[in-house]
Amino acid sequence: MQPDHIRASDADRDQVAERLREALAEGRLSPVEHEERLDTLYKAKTIGELGPIVSDLPRSGVPGLPGLGGTERGDTTDGMEILGSDARDLAGQSKGSENLVAVFGAAERRGRWLVEPRTNVSVLCGGVELDLREAVLSRHEVTIQLAVILGGVDITVPHGVRVINNTSAILGGTDLHGTDQVTDPNAPVVHLTGTCMLGGVDVKAKKVKKKRKGKRGE
């Protein structure tokens, strides 16, 4: 099933309604146009019907839905995509959450992978590596729930991604490198929550790796 045909939720409609309220306050819509679009909004049944309602408005920090003001290529942040057209098939496989467990071992996510709205990471005497530089965000804001005991988690994001740290530390901690200067309200957001005990979480912002060209003659 393509994302455009997925039934719209109340949360989806609220995102579009918020963008319409912003457009009204900015003077992009008249009160009459605002009311007309709200009426259309609450009659919409699918994600695909929501897109045209705000397709002529600049993208704000609220929408994370396919077709809401994005280009055919899709919005990117130095490599990270937010539901561009070529990522819709991947986004359509979203299950809402993913669980990564590393007990006396390791786990990783790198390359092109789907970042679910919620990723649960559990570590006990092990390590997890999450590289989001080529990942596809299922939503504009995603949450990584951490439970780290005697282990470590390394998270890499592309430049321009805002990381909000709400983790609790017990003889451990979370370090952010190069992510505290992002002030763009339209930037993708990664929320970090959970607990780190006798372990560490290391978050770094790095450039997207350039793909190597094949050797001559290959």
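Which strand does β7 (residues 127-131) pair with, in what sense, and over how many bridges? Before selecting anything, bear in mind that the model on screen is predicted. Now colour residues 127-131, strand β7, together with residues 152-158, strand β10, and you have the pair in question: the two run in the parallel sense and are joined over five bridges. To fix the register of this pairing, pick G127, which stands opposite G152 in β10.

**The chain as a whole**

Zoom out and colour by secondary structure, and the chain shows four helices and 14 strands. If you colour by accessibility instead, 42% of the 218 residues come out as buried. A contact map tells a further part of the story, since among contacts with a separation of 6 or more, 65% are between residues 24 or more positions apart.

**The sheet around β7 and β10**

Return to β7 and β10 and add their neighbours, selecting β4, β14 and β12 as well, so that you see an open sheet of five strands in the order β4-β7-β10-β14-β12, paired in parallel. At the edges are β4 (106-109) and β12 (173-177), and because each of them has a single partner strand, one side of each is left without a neighbour in the sheet. Looking along the sheet, you will find neighbouring strands turned against each other by 10 degrees on average, with direction ignored.

**A second open sheet**

Next, select β3, β6, β9, β13 and β11, which in that order form another open sheet of five strands, with parallel pairing. Its edge strands are β3 (97-103) and β11, each of which pairs on one side only. From one strand to the next the twist averages 10 degrees.

Start at the β3 edge, where seven bridges join β3 to β6 (residues 118-124) and the two strands run parallel; within this pair, E98 stands opposite T119 in β6. Then move to β9 (residues 141-149), which is joined by nine bridges to β13 (residues 189-197), again running parallel. A useful pair to label here is I144 with L192, the residue that stands opposite in β13. Finish at the other edge with β11 (residues 162-170), which pairs with β13 in the parallel sense over nine bridges, and where S168 has T195 of β13 as its bridge partner.

**Helix α2 and its two faces**

Which residues of helix α2 (residues 31-41) are buried? Show the side chains of H34, R37, L38 and L41, for these are the buried residues of the helix. Turn the view until you look down the axis of α2: the buried residues fall within an arc of 105 degrees, so they line one face of the helix. An α-helix has 3.6 residues a turn, so residues three or four places apart point the same way. On the other side of α2, select V32 and E35, both of which are exposed.

E33 also belongs to helix α2, and with a relative accessibility of 34% this residue counts as partly exposed. If you draw a distance from the C-alpha atom of E33 to that of L20, 13 residues away along the chain, the value is 9.6 Å.

**What packs on α2**

Bring in α1 (10-26) and α3 (47-54), which are included in what covers the buried residues of α2. Take α1 and α2 first: they pack at an angle of about 175 degrees with their axes 10 Å apart, and are therefore roughly antiparallel to each other. To display this contact, select R13, V16, A17, L20, R21 and L24 in α1, which meet P31, H34, R37, L38 and L41 in α2. Coloured by class, the contact shows seven nonpolar, one polar and three charged residues.

Now hide α2 and look at α1 with α3, whose axes are also 10 Å apart but which pack at an angle of about 5 degrees; α1 and α3 are therefore roughly parallel to each other. On the α1 side, D12, R13, V16, R19 and L20 make the contact, and on the α3 side I47, L50, I53 and V54 do. By class, this contact has six nonpolar, no polar and three charged residues.

Technical notes: Residues are numbered from 1 along each chain as its sequence is written. This is a predicted model: local features need pLDDT of at least 70, side-chain atom pairs count only at pLDDT 80 or more; totals for chains, interfaces and linings use all residues. Side-chain values use heavy atoms; hydrogens and water are left out. Two strands pair if DSSP finds at least two bridges between them. Axes are lines fitted to C-alpha atoms, for helices over the stretch in contact, and angles run from 0 to 180 degrees between N-to-C directions. Buried means under 20% relative accessible area, exposed over 50%, partly exposed in between (1.4 Å probe, protein chains only). The arc is that of the directions from the helix axis to the C-beta atoms. Contact means heavy atoms within 4.5 Å. Angles under 35 degrees count as roughly parallel, over 145 as roughly antiparallel, 65 to 115 as roughly perpendicular and the rest as oblique. Ala, Val, Leu, Ile, Met, Phe, Trp, Tyr, Cys and Pro count as nonpolar, Asp, Glu, Lys and Arg as charged, and the others, Gly among them, as polar.
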